[in-house]
Amino acid sequence: MRLLEERIRRDGIVRGEDVLKVDSFLNHQMDVELFAEMGKEFKRLFEREEITKILTIEASGIGIACVAAQCFGVPVVFAKKSKTKNIEGDVYTSKVESFTHGRVYDIIVSKKFLGPEDKVLLIDDFLANGAALMGLISLVWESGASLAGAGICIEKAFQPGGERIRNMGVRVESLARVKCMSEETGVEFCKEREV
Ligand code: G4P
């Protein structure tokens, strides 16, 4: 999506080899006009699917998930990162092993809000190693809902998450795919056919 790529080029800051800071428009301060355009693009991409729920993970996926949900006319459910060891009650749970943050945590969704009657679109701001997205996919499988695919704002295509998840047969649509980046030269994007 050209608008997002241009914004990343203009306002994104590369840190080291593999961290892209986009906190001025995506995951700290949020540009809701840009979000509206991204929401429309997710709707265009998944138009043929009869989505009943959008599922994301706290915290920074929630904003874009809400804007996208308005385009689809469906509710958003966000998986909560659970701090308690004893998870009880009627929840689906899954483990996320984040390499970026070097920790393991549980994510939970109440059984009240996801079930076999649902068709789910996953939405998140970043796809890197794919740990968070993998956790969400497990929750959907556990719930018996069907999975339409995942809509991602920024995929770091030089990290393995996207390929890993596509190889599982899950449709992943990323609005900007970063091929490589460096502090000196900035960000280079994949051409559209380089999926
Ligand atoms: P991982 O396995 O390396 O942890 O990668 P994953 O794709 O699951 O992403 C994990 C988290 O790291 C996500 O946030 C994602 O937003 C964030 N992330 C990964 N790469 C980058 C990057 O280059 N820049 C920025 N700004 N964030 C990145 P999270 O754990 O879900 O936490 P939250 O920020 O949503 O609260």
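The following legends describe close-up views of a predicted model.

**View A. The ligand occupies the largest pocket of the predicted structure.** The shell around the ligand comprises 22 residues. The closest of these are Ser-60, Ser-98, Thr-100, Asn-129 and Lys-156.

**View B. Three secondary-structure elements, β2, β7 and α4, each supply at least two residues of the ligand shell.** Strand β2 spans residues 19-21, strand β7 covers 119-127, and helix α4 runs over 131-143. The greatest contribution to the shell comes from β7, which provides three residues.

**View C. Polar backbone atoms of Phe-99, Ala-131 and Ala-132 lie close to oxygen atoms of the ligand.** For Ala-132, a polar backbone atom is 2.8 Å from a ligand oxygen. The corresponding distance for a polar backbone atom of Ala-131 is 3.1 Å. In the case of Phe-99, a backbone N or O atom is placed 3.4 Å from an oxygen atom of the ligand. The ligand exposes 700 Å² when taken alone, and the protein buries 87% of that area.

**View D. A cis peptide bond links Glu-58 to Ala-59.** The omega angle of this bond is about 5°. Ala-59 belongs to the loop that connects strand β3 (53-57) with helix α3 (61-72).

**View E. The charged end of Arg-171 is positioned over the ring of Phe-46.** The distance from this charged end to the centre of the Phe-46 ring is 4.2 Å. As for pairs between aromatic rings, a search of the whole structure returns zero.

Notes: Residues are numbered from 1 along each chain as its sequence is written. This is a predicted model: local features need pLDDT of at least 70, side-chain atom pairs count only at pLDDT 80 or more; totals for chains, interfaces and linings use all residues. Side-chain values use heavy atoms; hydrogens and water are left out. Rings of Phe, Tyr and Trp (its six-membered ring) pair if their centres lie within 6.5 Å; planes under 30 degrees apart count as stacked, over 60 as edge-to-face and the rest as tilted. A charge sits over a ring if NZ of Lys or CZ of Arg is within 6 Å of the ring centre and within 35 degrees of the ring normal. A residue is near a molecule or strand if one of its heavy atoms lies within 4 Å of it. A polar contact is a pair of N or O atoms within 3.5 Å; within protein, one must be able to donate a hydrogen and the other to accept it, and residues adjacent in sequence count only if both atoms are side-chain atoms. Accessible areas come from the Shrake-Rupley method with a 1.4 Å probe; for residues, only the protein chains shown count as cover. On a 1 Å grid over the protein atoms alone, a cavity is a set of points where a 1.4 Å probe fits but cannot get out, and a pocket is an open set with protein on both sides within 12 Å along at least five of seven lines; lining residues have an atom within 4 Å of a point. A molecule sits in a cavity or pocket if more than half of its atoms lie within 2 Å of its grid points. Helices (H or I, at least four residues) and strands (E, at least two) are DSSP runs, numbered from the N terminus.
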